[in-house]
Amino acid sequence: MKGCALFMIRQTRACQAAACSAPVPPGLRQHGVCLSHYLDDAFTRVAQTLELCQIGQPLEPETVDWLIEQGDFAVRVLSRRDMAKSSEQRAKLLELLLCLANVQEYVRHHSVSKAT
Ligand SMILES: [Zn+2]
């Protein structure tokens with residue numbers, strides 16, 4: 001069955017980042033990368049978002065949604081026992097949560113002025 005074959009491929013997918021063949025853990029399938037690469041990417045995006053906040057740029061609603069999603073995701077990963085995490089990855093997830101909290105602080109204080 002076609003659908004079944006597709007499902008199998010998704011099940012065994014490896015990380016899409018270049019020169020990385022680490023398996024994609026459950027929970028990261030929609031991102032298509034391993035936990036290390038997810039963290040790299042998330043940190044880059046959160047840092048860029050924080051920069052925008054600091055120069056007073058209003059954030060896109062999609063960006064705010066994305067931030068909330070990453071926060072939920074990080075909490076879920078931290079609480080899942082079936083997702084192997086090194087202590088370094090655990091520390092990074094906590095740091096990511098902290099960065100997300102910083103951005104959300106900015107959003108709360110600075111998003112009062114509407115861009116319309
Ligand atoms: Zn990877």
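**Exercise 1. How many helices and how many strands does the protein have?**

Solution. Assigning the secondary structure of this predicted model gives four helices and zero strands. Read from the N terminus on, the elements accordingly run α-α-α-α. As for the surface, the protein exposes about 8000 Å², of which carbon and sulfur atoms supply 56%, while buried residues make up 30% of its 116 residues.

**Exercise 2. Identify the protein donors of the zinc ion, and establish which arrangement they form around it.**

Solution. The step to begin with is to list the donor atoms, which are the SG atoms of Cys-15, Cys-20 and Cys-34 together with ND1 of His-37, lying 1.9 to 2.3 Å from the zinc ion. Along the chain, these donors follow the spacing C-x4-C-x13-C-x2-H. One pair among them links distant parts of the chain, since Cys-20 lies in the loop between helix H1 (2–11) and helix H2 (35–54), whereas His-37 lies in helix H2, 17 residues apart.

The next step concerns the angles: the four donor atoms subtend 105 to 116 degrees around the zinc ion, and the arrangement is therefore tetrahedral, given that the criterion requires all angles to lie between 85 and 135 degrees.

**Exercise 3. Decide whether Cys-20 and His-37 are buried, partly exposed or exposed.**

Solution. The cut-off for a buried residue is a relative accessible area under 20%. Cys-20 has a relative accessible area of 17% and is therefore buried, whereas His-37, at 24% relative accessibility, counts as partly exposed.

**Exercise 4. Describe the largest nonpolar core, and state which helix gives the most to it.**

Solution. This core has 28 residues, of which Leu-28, Tyr-38, Val-46, Leu-67, Leu-96 and Val-103 touch the most other members. Helices H2, H3 and H4 (87–110) each supply at least two residues of the core, and H2 gives the most, with eight residues.

To see how one of these residues is placed, consider Val-46, which, leaving aside its neighbours within four places in sequence, is in contact with Trp-66, Leu-67, Leu-96, Cys-99, Leu-100 and Val-103. In soluble globular proteins, nonpolar side chains tend to be buried together.

**Exercise 5. Locate Gln-70, and determine which residues it contacts beyond its neighbours within four places in sequence.**

Solution. Gln-70 has its place in helix H3, which spans residues 61–79. With a relative accessible area of 1%, Gln-70 is buried. Once the neighbours within four places in sequence are set aside, the residues in contact with Gln-70 are His-31, Tyr-38 and Leu-100.

Terms used: Residues are numbered from 1 along each chain as its sequence is written. This is a predicted model: local features need pLDDT of at least 70, side-chain atom pairs count only at pLDDT 80 or more; totals for chains, interfaces and linings use all residues. Side-chain values use heavy atoms; hydrogens and water are left out. Donors are N, O and S atoms within 2.8 Å of the metal (3.2 Å for Na, K and Ca); water is not among the atoms, so sites may look incomplete. Four donors count as tetrahedral if all angles lie between 85 and 135 degrees; four count as square planar and six as octahedral if opposite donors are over 155 degrees apart and all others between 65 and 115; anything else is irregular. Buried means under 20% relative accessible area, exposed over 50%, partly exposed in between (1.4 Å probe, protein chains only). Accessible areas come from the Shrake-Rupley method with a 1.4 Å probe; for residues, only the protein chains shown count as cover. Contact means heavy atoms within 4.5 Å. A nonpolar core is a set of buried Ala, Val, Leu, Ile, Met, Phe, Trp, Tyr and Cys residues joined through side-chain atoms within 4.5 Å.
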